[in-house]
Amino acid sequence: MKTIIVGGGISGLSAGYYLAKAGIASTLVEKEARLGGVIQTDHVEGCVLERGPDSFLSAKTAAMDLIREVGLAGDAIGSNDHLRKTYILRHGRLVPLPDGLMMVVPTRLLPTAMSPLLGWGTKIRMGLEYFRQPLKLAAPDRSVAEFLSDHYGRETVDYVGEPLLAGVYGGDASALSVRSVLPRFAELETNYGSLTRGVLATRGKVSAAPLFQTLRGGLSTLVEAVHARAGDLMSVVQGGAEALQRVGDGWRVRVDGAWMDCDQVVLAVPAFAAGALLRGVEPALAAELEQIPYGSAMTLSLGYARADVKHPLNGFGFLVPARERRFLLACTWMGTKFPYRVPQNMALLRCFMTVEALEHTDDEVVRLAREDLSRIMGVEAGPIFTRIARWPRAMAQYVVGHEQRVRRIREMAGKLPGLHLAGNAYSGIGIPDCIRMGREAAEAVRVNAR
């Protein structure tokens, strides 16, 4: 049996690895010269720089499961949670998020009441939210902004929910789906009415695991280890997949003009790319895939001599709400967030830029970021080095109705034997989600191969 995997990001690599683990050979097709997709690590002046994601959530276990399997458990490091503090820019000042705030849900009364981040009207509304009653029927899908505003008020959306979601999804809270982005909160609303009461009632034992985890030498070491562990059972072909055809009970993939036959195919590419490949096979499925919107992202890492940054860097970094935003979405203070990433004599500021910044040259982006860092943090010195990564159409946007769209996509894909979909367009955008979906695709291939 022949299996072709289109896409060499972590989803496709995971599919190839788990197929190899099951003794099933595959051919992975990747148009770029390197594997890993948005996972890309640089080493500069003793600093470990991630051009894409810098870590993953410990609570989602698929990433650590894979890390253990490929022999990298000893390289896993956790975030310095004893130093964890996130700031929000408000009226030009960095204000810490109050302790006990779970996304926007207050679980501790006094820190929220004493915080200058929100006004007293909002604080009173947050307290009264506790008395909301359970819903008789689950509410229809709606935007995260509408959902959070209904529970805690518009100010909470503007200064907590919106900047948090912009930092994670690079998306608009007024468009993102609460059922797809915050499914647990949607469920708590149905069962408890009050999010605060629901979180307090369902809060389990505090985990000893750090909130975030990563790898000491960078996340690219995971890409390399997965590729190596898959061995000869996963061959890699560098080339662009141009078309897909259904031939009898199998498939054909055209790669740089040459057709490759297979029994099963895993499309581990962005939804719009999967849709383009499927236009001639199933137009309705292709149309649904191509309607999943994507956002672009840009990261800028600036390395400074520590003595040149007077700010104490006493936290993980800060977020900039849309009301206060120019070109900087967020900034992570990497030396505080993780050990072993930044030498003691250095400061590494990892900036997330707005989509508008993509229109500027690299030199202009550095200038715009430095202007914001001067205004917000008082950093006036020039950096020792800078590194920019541009990621056009890299982040799937789970807009209102996403859950229903994915259901339709899976129903139509299920009617095409041997076709499997994986990637960040469906049920999670993080590294563990992509690994999980790659593993699920591999399992589906294995079951179909019986």
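Start by selecting the lining of the second largest pocket: its residues divide into 11 nonpolar, 4 polar and 2 charged. Keep in mind as you click along that this is a predicted model.

**Stop 1: the pocket**

The volume of this second largest pocket is about 310 Å³. To find the middle of it, pick R410, A413, L419, H420 and L421, which are the closest to the centre among the 17 lining residues. Now colour α15 (402-414), β22 (419-421) and α16 (431-448), the elements that each give two or more residues to the lining. Which element gives the largest share of the lining? That is α16, with 5 residues.

**Stop 2: the cysteines**

While α16 (431-448) is still coloured, select C434, which is buried at a relative accessible area of 8%. Then move to C351, buried as well, with 0% relative accessibility. Show its sulfur together with that of C331, the closest cysteine sulfur to it. The two are 4.1 Å apart, so they are too far from each other for a bond. The count of disulfides comes to 0.

**Stop 3: a sheet of three strands**

Next, show β5, β11 and β6 as a cartoon. These 3 strands make an open sheet in the order β5-β11-β6, with antiparallel pairing. β5 (56-57) and β6 (76-78) are at the edges; each has a single partner strand, so one side of each has no neighbour in the sheet. Zoom in on β5 and β11 (residues 212-215), which pair over 2 bridges in the antiparallel sense. To see one bridge up close, select F56 and its partner Q213 in β11.

**Stop 4: aromatic rings**

How many aromatic pairs does the structure hold? There are 6. Begin with Y87 and W333, a tilted pair at 5.8 Å centre to centre and 45 degrees between the planes. Y87 sits in strand β7 (residues 86-90) and W333 in strand β19 (residues 328-333), so this pair ties together parts that are 246 residues apart in sequence. Both Y87 and W333 are buried. Add F318 to your selection, and you have one aromatic cluster made of Y87, F318 and W333.

For a last view, select F272 and Y294, an edge-to-face pair with 5.0 Å between centres and 85 degrees between the planes. F272 belongs to helix α11 (residues 271-278) and Y294 to strand β17 (residues 294-305), so the pair links parts that are 22 residues apart in sequence. Are these two rings buried or exposed? F272 is partly exposed, with a relative accessible area of 21%, whereas Y294 is buried at 14%.

Methods:
Residues numbered from 1 in each chain as written. Predicted model: local features only at pLDDT ≥ 70, side-chain atom pairs only at ≥ 80, totals over all residues. Heavy atoms only, no water. 1 Å grid on protein atoms, 1.4 Å probe; cavity = no way out; pocket = protein on both sides within 12 Å on 5 of 7 lines; lining within 4 Å. Points joined across faces, edges and corners; volume = space filled by probe spheres on them. Helix = DSSP H or I, 4+ residues; strand = E, 2+ residues; numbered from the N terminus. Nonpolar A, V, L, I, M, F, W, Y, C, P; charged D, E, K, R; others polar. Disulfide = S-S within 2.5 Å. Buried < 20%, exposed > 50% of the residue type's maximum accessible area, 1.4 Å probe, protein only. Pairing = 2+ DSSP bridges. Phe/Tyr/Trp six-rings, centres within 6.5 Å; stacked < 30°, edge-to-face > 60°.
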